[in-house]
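Thank you all for coming; I would like to take a few minutes to walk through one model with you, and I will put the sequence and the structure up before I go any further.

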Amino acid sequence: MSSVAARPLTVAVIGNPNTGKSTLFTALTGVHAQIGNYPGVTVEKKIGRLQHNGVQIQLVDLPGTYSLSPRSLDELVSVNVLLGRQADIGAIDAVVCIADASNLERNLYVVSQVLDLGLPTVLVLNMWDVAESRGLKIDAAELGRRLGIPVIPCEAHRQRHLADVRAAIVSAASGPPPAIPRIFPEVFTAAVQDLQQRLQDWGAGAIPRPLAERLLLDVGGQVETGYRQTLPTEFGTVLDGLRLRLRDQGFRIPAGEAKARYAWAKEILTGVLTTPTQRMVTASDRIDRVLTSRVGGLIVFCVVMFLVFQAISTLAGPLMDGTEAVFGFAGDAVRSVLPAGPLRSLIVDGAIAGVGGVLVFLPQICLLFLFIAILEDCGYMARAAFLMDRLMTRIGLSGKSFVPLMSSFACAIPGIMATRTIENRRDRLVTILIAPLMSCSARLPVYLLLIAALIPPITFAGGWISLQALVLFAAMSLGALIAIPVAWLLRMTILKGETPPFVMELPAYKWPSPRMVLARVYDRGRAFVARAGTLIFATNILVWAASYFPGDHTLEEQLTTQIAQLEESSEATLKSRDELQSSHETVEHHLAALDSASMEAEALREQLSEIAIQMSLVERKLAPLTEAVDARNAEAERLLEHSALGRLGRAIEPAVIPLGWDWKIGVGVLASFPAREVIIATLGTIYSLGGDIGEDDPGLQQAIRTAAWPDGRPVFTIPVGLSVMVFFALCAQCASTLMIIRRETNSWSWPAFTFVYMTVLAYLGALLTYQVGTWWMG
């Protein structure tokens, strides 16, 4: 005991999906878990700490799994951790197996594989209350005696029996390992020993017996793949020969393992588990008759998803506005203290805008994970995945991909983070790679600007259908439609592989635990800010530098200072202008609702004339301020044109001319690669309107309509506008999304691939749109 107490115990937690494993982990460790990825793979590593009677314990939460048969590098992680071969974890002192007490026989499958490893093990029978409600009787003490390990009944969501679990972990880690159960027949044991000896003869060293078993049992598995790459070709011949010999002796691979383990589980539970003579129809059964049916289930699913995304849309907006307001206030505060110059621009436009650009996504992310955590904890998410599986399998994905893709319509960042619920690596990668094609809210300002400026307000069907609405609908739907063939191509090419059957246990319904739900939201939010946020922030700083340097900003800073002084001295006049503008809009609104020939309408028109005269006087007083703003905007346009970003825009002009674009659109698109909505401010700067304008600014819409080539031809035609919209619909113009892909895949390769394939797709789509549109319209 003293030897292990000198250092923290390292304890792995493993179990089937939907057994309450994460709930128990959070209940034992609280919310202070470290989250990251195992080196080189996409599997999430979650490590929490606790103590019992002075003994420090480090819990390592392994991915939920139905067996320890690694088919991919990600699945191999669990085996390597348990065998102490994962360098960043080290040797394991004990294992905690979580089993669903209401479905014990099937859960003992993975327990038997863990016992094969010969590690001190604790079996936690979670959902004990559910088992009792179904009339199941389990003799936990007798089960523990037969298995040779502590068996602890537990209700993790109610935090019951947690002290017993902690005590059992410490006790098991300080005691001798349990006896390895004799599950396989002698012929298989002999084949394993034969294989171990041959591997030693080939210089592969002493291979652990569990790995040798996996070599024989998992045909084409990750263990076999690894050894085939390092050993002589004779190894493959010997391995195939051993499997044939086993078949001839009556042990068929791989069915032999399932047959042996389930026979062992059945024998272990005989006399330990008592089930009611007649299966009880539970409340979960009655609810599932509706929620998993083809018609009723889909209706409920659509209603639930609508409520979730409506709630996110309603609640996130004010929170995001509040976040932006806070950072706007911080920027103004710095401007009032620091003189204009590179330092102030770095802090305000780089650092504060960068941090704000990270945290503005936090409300959406936290709200999405709040709803996902609630739906998961109450048991509905498993039903949703089951329902959508029929649809998603047509493009090579499983039902678990649906919610992340739906989430990406609001923002790809939480959508990509939501793919963590997908256990299959290929499914998860394909979902991540197509998630940025869903039309997020950042694309909307671009669509609205170009539609308002270029698409005529034509209506059809008696005014019920407008051409502008149709164009907006097509633009918002384009990415989702393109995602279908893209997903199919990915599954047929670089992510080609066996599509695993969709196996998911439907857990019993229960009330979600507020503590567990909030802990998961806290984990996800903290992981986003701490890890992805730093990458996003660094990217924003780089883009700021590219648009600021090189260039002498002295005149711009002088004009900015002059504008601030003029605004301060003209505060009352500016207030009057705002009040007059507001009055003008109000009167116009009332006038529009009246009969133009009425006396009241005539009075309002006179009122408008008076307001216009007062506005003219006010504008005359503000003329110095207007001139200074115009001069500052013109200087900002010149500086942007000569910055590194502007020069790059000039350099790529030959590439964008086939799309119908001039260099100004090229610069706007380049500046939009960190974030799509930046194009509005960039176009405002380029057309000398300032960067603080919106997509509904009449001046910007007019500037777009009147922009012309040197020969007088209009730059923005309908084909050009559609070309820009198609490019924005298909291009990966969001550094935050690429950084999240980097974070979630633990590799720079996948964000690079996403950027390249989406940029090429966007360019070809824009080229086709412009060329066909120009030909069609003559």
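Let me begin with a question: does cysteine 378 count as buried or exposed? The model in front of you is a predicted one, and in it cysteine 378 has a relative accessibility of 17%, and because the cut-off for buried is under 20%, this cysteine counts as buried. Cysteine 366, by contrast, has a relative accessibility of 24%, so it counts as partly exposed.

Staying with the cysteines, what lies closest to the sulfur of cysteine 378 among the other cysteine sulfurs? That is the sulfur of cysteine 302, at a distance of 17 Å, which is too far for a bond. When the search is extended to the whole structure, the number of disulfides found is zero.

I would now like to turn to a pair of helices, H21, which covers residues 444-454, and H22, which covers residues 467-492, whose axes come within 10 Å and cross at roughly 150 degrees. Because the cut-off for roughly antiparallel is over 145 degrees, H21 counts as roughly antiparallel to H22. The crossing of these two helices, H21 and H22, is right-handed. As for the residues that meet there, H21 contributes Leu444, Tyr447, Leu448, Ile451 and Ala452, while H22 contributes Gln468, Val471, Leu472, Ala475 and Met476. Sorted by class, the contact of H21 with H22 holds nine nonpolar residues and one polar residue, with no charged residues.

One residue of that contact deserves a second look, namely valine 471, which is located in helix H22. Valine 471 has a relative accessible area of 15% and is therefore buried. If we set aside the neighbours within four places in sequence, valine 471 is in contact with Ile451 and Ile455, and also with Leu722 and Met725. As a point of reference elsewhere in the model, arginine 344 and valine 471 are separated by 127 residues in sequence and, from C-alpha to C-alpha, by 42 Å in space.

Finally, I come to helix H2, residues 21-29, where eight of the nine residues are buried, so that this helix is largely enclosed by the rest of the structure. Which residues of H2 are the buried ones? They are Lys21, Thr23, Leu24, Phe25, Thr26, Ala27, Leu28 and Thr29. After H2 comes glycine 30, with a positive phi near 80 degrees.

How values were computed
Residues are numbered from 1 along each chain as its sequence is written. This is a predicted model: local features need pLDDT of at least 70, side-chain atom pairs count only at pLDDT 80 or more; totals for chains, interfaces and linings use all residues. Side-chain values use heavy atoms; hydrogens and water are left out. Axes are lines fitted to C-alpha atoms, for helices over the stretch in contact, and angles run from 0 to 180 degrees between N-to-C directions. Helices (H or I, at least four residues) and strands (E, at least two) are DSSP runs, numbered from the N terminus. Angles under 35 degrees count as roughly parallel, over 145 as roughly antiparallel, 65 to 115 as roughly perpendicular and the rest as oblique. A crossing is left-handed if the near helix is turned anticlockwise from the far one by less than a right angle, and right-handed if clockwise. Contact means heavy atoms within 4.5 Å. Ala, Val, Leu, Ile, Met, Phe, Trp, Tyr, Cys and Pro count as nonpolar, Asp, Glu, Lys and Arg as charged, and the others, Gly among them, as polar. Buried means under 20% relative accessible area, exposed over 50%, partly exposed in between (1.4 Å probe, protein chains only). A disulfide is a pair of cysteine sulfur atoms within 2.5 Å.
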